[in-house]
Amino acid sequence: MALRLHNTLTQELEEFRPQDGNTVRMYTCGPTVYHYVHIGNFRTFTFQDILRRTLIARGYVMDHVMNITDVEDKIIRNAMAAGVTINEYTAQYTKAFLDDSAVLRLQRPERVVFATEHIPEMVAAVEKLAASDHTYVSDGSTYFKIGTFPGYGKLSHTNFSGNIAGARVEVDEYDKDDARDFVLWKSQKPGEPAWDASMGAGRPGWHIECSVMAMKYLGETIDIHTGGVDLVFPHHENEIAQSEALTGKQFVRYWVHAEHLMVEGQKMSKSLGNFFTLRDILERGYSPESIRYLLASSQYRKQLNFTFDGLKAASTSIDRLRNFELRLKNDKLAIGLNQQIDARSTQALQAFHAGLDDDLNTADALAAIFEYIREVNSAMDAGEFYAGNVAGALKLLADFDAIFDVLTPSQKEGGLSDSEIDALIADRAKAKKSRDFARADAIRNELIELGVILEDTKDGVRWKRK
Ligand code: AMP
Ligand code: ZN
């Protein structure tokens with residue numbers, strides 16, 4: 001079965017096929033780097049990671065571009081207040097975003113590109129739009145006249161006719177349901193950073209940045225464009241208007257949007273102040289894998305309510321998965337193959353992939369895994385799971401982890417490597433053999449302090465990280 005995705009443009013579930021061979025050209029709106037991004041933002045970035053990994057698992061090659069919005073009203077305001085250049089101001093938050101993304105195991109897109117490094121291309125795009133009469137100038141700034149683009153509203157499925165004349169908006173923050181001519185090039189205000197251009201010294205508006213960078217790297221028609229649902233209007237609607245006015249071609253084939261991470265019924269957002277950064281959560285002792293799992297575990301088109309109980313449940317689920325993997329690797333099993341279990345492994349693998357293919361229904365994909373683990377754990381307890389069944393079960397876990405990526409524990413700072421742990425366990429065994437129980441207990445306690453838990457089983461010592 002092929003991957004089906006919900007396309008915001010058609011509002012249908014569509015089978016995904018790239019336009020060109022095996023390569024998927026995908027564009028993601030990256031963060032505006034005026035602050036640390038919060039885990040609400042990371043819900044959208046985690047969805048993009050799950051999408052990427054699923055496409056890769058289906059045999060596609062990614063050409064994925066993500067921008068960093070490093071010039072914008074709030075950035076300019078904050079940099080001016082701090083008395084630093086916008087580059088100095090944004091560098092720290094860009095680094096924090098990329099570091100946090102790595103901690104959450106988000107695969108780095110093939111290209112991460114910066115708005116401020118594409119100003120000449122943006123100027124050229126505005127000039128071209130002006131030459132084809134899609135713009136006007138007011139107070140020195142250049143605006144896109146949305147009345148000149150008949151398809152305006154097609155992504156957000158809003159009929160704006162009668163509501164689009166004249167009104168213009170200069171800021172990067174908008175009211176929903178209110179279509180306005182939007183700024184392409186903002187003229188410089190005193191003290192603001194600016195670039196020279198034929199339209200006058202100024203800087204680009206947010207929307208033109210994405211259109212220009214997407215088309216520069218991925219071509220005039222791209223396969224997939226992603227973002228959170230709050231970007232559908234006006235940001236993505238405006239991206240379509242500019243891009244299609246520039247090229248006369250369809251800009252994006254599949255628009256895929258993630259629903260929000262919520263806190264007590266409200267969107268997690270900086271402006272409401274109800275947000276947690278990744279750093280906040282890690283400081284409370286949760287692992288990056290728990291957060292990743294929580295953000296990935298419900299389907300991206302459903303709102304997800306953030307709670308600490310949810311995080312704890314995520315961490316318990318990860319423990320179950322890791323314990324199952326440990327059993328598969330360490331239990332002494334009878335030689336042979338249980339055909340029924342083998343068939344069950346194949347069926348679980350299919351159900352896992354079918355869940356992902358169904359518009360990335362990660363909840364269904366996970367249910368297939370946990371049902372299987374429950375059954376196989378009982379079969380193991382009953383001695384009905386044989387050595388020949390291990391490969392099928394490990395294959396399922398490997399396919400699972402290629403997408404979810406939570407089985408390997410993150411190294412805590414100052415933590416031990418696997419081989420160091422094995423060496424200490426061997427020392428402890430030696431100490432026990434020579435009846436030096438004090439030493440054996442000391443080693444166990446040392447390991448506990450370093451977050452490693454030992455379990456003495458009939459098959460020897462098993463260990464896991466907390
Ligand atoms: P921004 O830096 O505000 O442009 O946001 C970066 C990305 O995070 C965008 O794709 C937003 O749609 C998305 N986003 C913002 N808040 C949330 C939230 N509470 N849940 C999910 N995604 C969000
Ligand atoms: Zn964008």
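Reader: What makes β5-β4-β3-β11-β12 an open sheet, and which strands are its edges?

Author: In this predicted model, five strands pair in parallel in that order. Strands pair if DSSP finds at least two bridges between them, and a strand is a DSSP run of E with at least two residues, numbered from the N terminus, while a helix is a run of H or I with at least four. The edges are β5 (111–114) and β12 (252–258), since each pairs on one side only. On average, neighbouring strands are turned by 20° against each other, direction ignored.

Reader: How do you know that β11 and β12 pair?

Author: Count the bridges: β11 (residues 222–228) and β12 share six, in the parallel sense. The cut-off is at least two, so they pair. One example is I224, whose bridge partner in β12 is Y254.

Reader: What makes you say that helix α1 packs on the sheet?

Author: Helix α1 (residues 39–57) touches β3 (23–28), β4 (61–68), β11 and β12, where contact means heavy atoms within 4.5 Å. Its direction makes about 150° with that of β11; such angles run from 0 to 180 degrees between N-to-C directions, along lines fitted to C-alpha atoms, for helices over the stretch in contact.

A word on the ground rules: residues count from 1 along each chain as written, with chains lettered from A and ligands numbered from 1 in written order. Local features need pLDDT of at least 70 and side-chain atom pairs 80 or more, whereas totals for chains, interfaces and linings use all residues, and side-chain values use heavy atoms, without hydrogens or water.

Reader: Which residues coordinate the zinc ion (ligand 2), and at what distances?

Author: They are C29 (SG), C210 (SG) and H235 (NE2), at 2.0 to 2.2 Å. Donors are N, O and S atoms within 2.8 Å of the metal (3.2 Å for Na, K and Ca), so these qualify, though sites may look incomplete as water is not among the atoms. C29 lies in the loop between β3 and α1, and C210 in helix α5 (residues 206–218), 181 residues apart.

Reader: Is C29 buried or exposed?

Author: Buried means under 20% relative accessible area, exposed over 50%, partly exposed in between (1.4 Å probe, protein chains only). C29 has 5%, so it is buried. C210, at 0%, is buried too.

Reader: What is the volume of the largest cavity?

Author: About 70 Å³. A cavity is a set of points, on a 1 Å grid over the protein atoms alone, where a 1.4 Å probe fits but cannot get out; lining residues have an atom within 4 Å of a point. Points join across faces, edges and corners, and the volume is the space filled by probe spheres set on them. α1 gives the most to the lining, with four residues.

How values were computed
On a 1 Å grid over the protein atoms alone, a cavity is a set of points where a 1.4 Å probe fits but cannot get out, and a pocket is an open set with protein on both sides within 12 Å along at least five of seven lines; lining residues have an atom within 4 Å of a point.
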